[in-house]
Amino acid sequence: MQKLTIHDVKDLVEYEKVRDSFRRRIIETKARRRVTVGDRVSLVFENRETALSQVQEMVRAERIVDPEKIQFEVDTYNALIPAPGELSATLFIEITDAADIRRELDRLIGLDAPGVVWFDLGAAGRADGLFEAGHSNEERISAVHYVKFPFSPAQRAAFLQIPELFLVVDHPAYRHRASIADVTRRALAEDLAG
């Protein structure tokens, strides 16, 4: 998937002209790309369009006009765009009761450890999530994480062929699996194709 360039980013005036329709399209796109696993974890699978929306909104919110600062935002969000043969997601730990946030997050320390979040591809095995470092330690965990799922060629082929595809979270305090809807599977298959 092609990375963003500074030329993809509309200036503040031009973005305001199209923002409402662009945001509606992104909301629809993200709905197809969202997978909820249990009652506390959801993943939004990123692509070029979702990364661009985050750049545009950051430029708008911060009123950024300096090309070097816009380039910094482009570089930052380009990290979310999956490379060929992988999927990239933003994982959210969703806790709605403010009084429970710290206690619930503490229970989920280690969620970003190797082998905890993966795609179950049946006979083709599993594609483990690889989390970006720096969002947790032994004592604390963030509510937002960035995770990549590399797939072998056989796993990419199985992604569309197996009858049922699951996303799994297997943490001692949180064990859930979610079946991937066909509309989501098709959208993510495009990402895997590059």
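A residue is called buried when its relative accessible area is under 20%, exposed when that value is over 50%, and partly exposed in between. This tour uses those three words throughout, and the structure on display is a predicted model.

**Stop 1: R107**

Select R107, which has its place in helix α4, residues 101-107. Is R107 buried, exposed or partly exposed? Its relative accessibility is 40%, and R107 therefore counts as partly exposed. Next, add P172 to the selection and draw a C-alpha to C-alpha distance: R107 and P172 are 65 residues apart in sequence, yet 9.0 Å apart in space. Display H171 and A173 as well, since both are in contact with R107 when its neighbours within four places in sequence are left aside.

**Stop 2: helix α2**

Move to helix α2, residues 48-62. Its 15 residues should span 21 Å at 1.5 Å a residue, and the end C-alpha atoms of α2 are 21 Å apart, in agreement with that expectation. Colour T50, A51, L52, S53, V55, Q56 and V59, the residues of α2 that are buried. Against which helices do the buried residues of α2 pack? They pack against α1 and α3, and the next two stops take these partners in turn.

Before proceeding, a general point may help in reading the helix surfaces. An α-helix has 3.6 residues a turn, so residues three or four places apart point the same way.

**Stop 3: α2 with α1**

Show α1, residues 12-32, together with α2. The two axes come within 10 Å and cross at roughly 140°. That angle makes α1 oblique to α2, and the crossing is left-handed. On the α1 side, select L12, Y15, E16, R19, F22, R23, R25, I26, T29 and K30. These meet E49, T50, L52, S53, Q54, Q56, E57, V59 and R60 in α2. Sorted by class, this contact has six nonpolar, five polar and eight charged residues.

**Stop 4: α2 with α3**

Now replace α1 with helix α3, residues 67-78. Here the helices pack at an angle of about 150°, and their axes are 9 Å apart. Angles over 145 degrees count as roughly antiparallel, which is why α2 is described as roughly antiparallel to α3. The crossing of α2 and α3 is right-handed. To see the contact, select A51, Q54, V55, M58 and V59 of α2 with I70, E73, V74 and Y77 of α3. By class, this contact has seven nonpolar residues, one polar residue and one charged residue.

**Stop 5: R63**

Select R63, in the loop between α2 and α3. Most residues other than glycine have a negative phi. R63 is not a glycine, but its phi is positive, about 55°. Because its relative accessibility is 52%, R63 counts as exposed.

**Stop 6: helix α6**

Finish at helix α6, residues 182-193. At 1.5 Å a residue, its twelve residues should span 16 Å, and the end C-alpha atoms of α6 are indeed 16 Å apart. Colour T184, R185, A187, L188, A189, D191 and L192, which are buried in α6. What do the buried residues of α6 pack against? Their partners are the helices α1 (12-32) and α5 (153-161), together with the strands β1 (34-37), β2 (41-45), β3 (86-93) and β4 (117-120). Lastly, select G194, which follows α6 and has a positive phi near 95°.

Notes. Residues are numbered from 1 along each chain as its sequence is written. This is a predicted model: local features need pLDDT of at least 70, side-chain atom pairs count only at pLDDT 80 or more; totals for chains, interfaces and linings use all residues. Side-chain values use heavy atoms; hydrogens and water are left out. Axes are lines fitted to C-alpha atoms, for helices over the stretch in contact, and angles run from 0 to 180 degrees between N-to-C directions. Helices (H or I, at least four residues) and strands (E, at least two) are DSSP runs, numbered from the N terminus. Angles under 35 degrees count as roughly parallel, over 145 as roughly antiparallel, 65 to 115 as roughly perpendicular and the rest as oblique. A crossing is left-handed if the near helix is turned anticlockwise from the far one by less than a right angle, and right-handed if clockwise. Contact means heavy atoms within 4.5 Å. Ala, Val, Leu, Ile, Met, Phe, Trp, Tyr, Cys and Pro count as nonpolar, Asp, Glu, Lys and Arg as charged, and the others, Gly among them, as polar. The expected span of a helix is 1.5 Å times one less than its number of residues. Buried means under 20% relative accessible area, exposed over 50%, partly exposed in between (1.4 Å probe, protein chains only).
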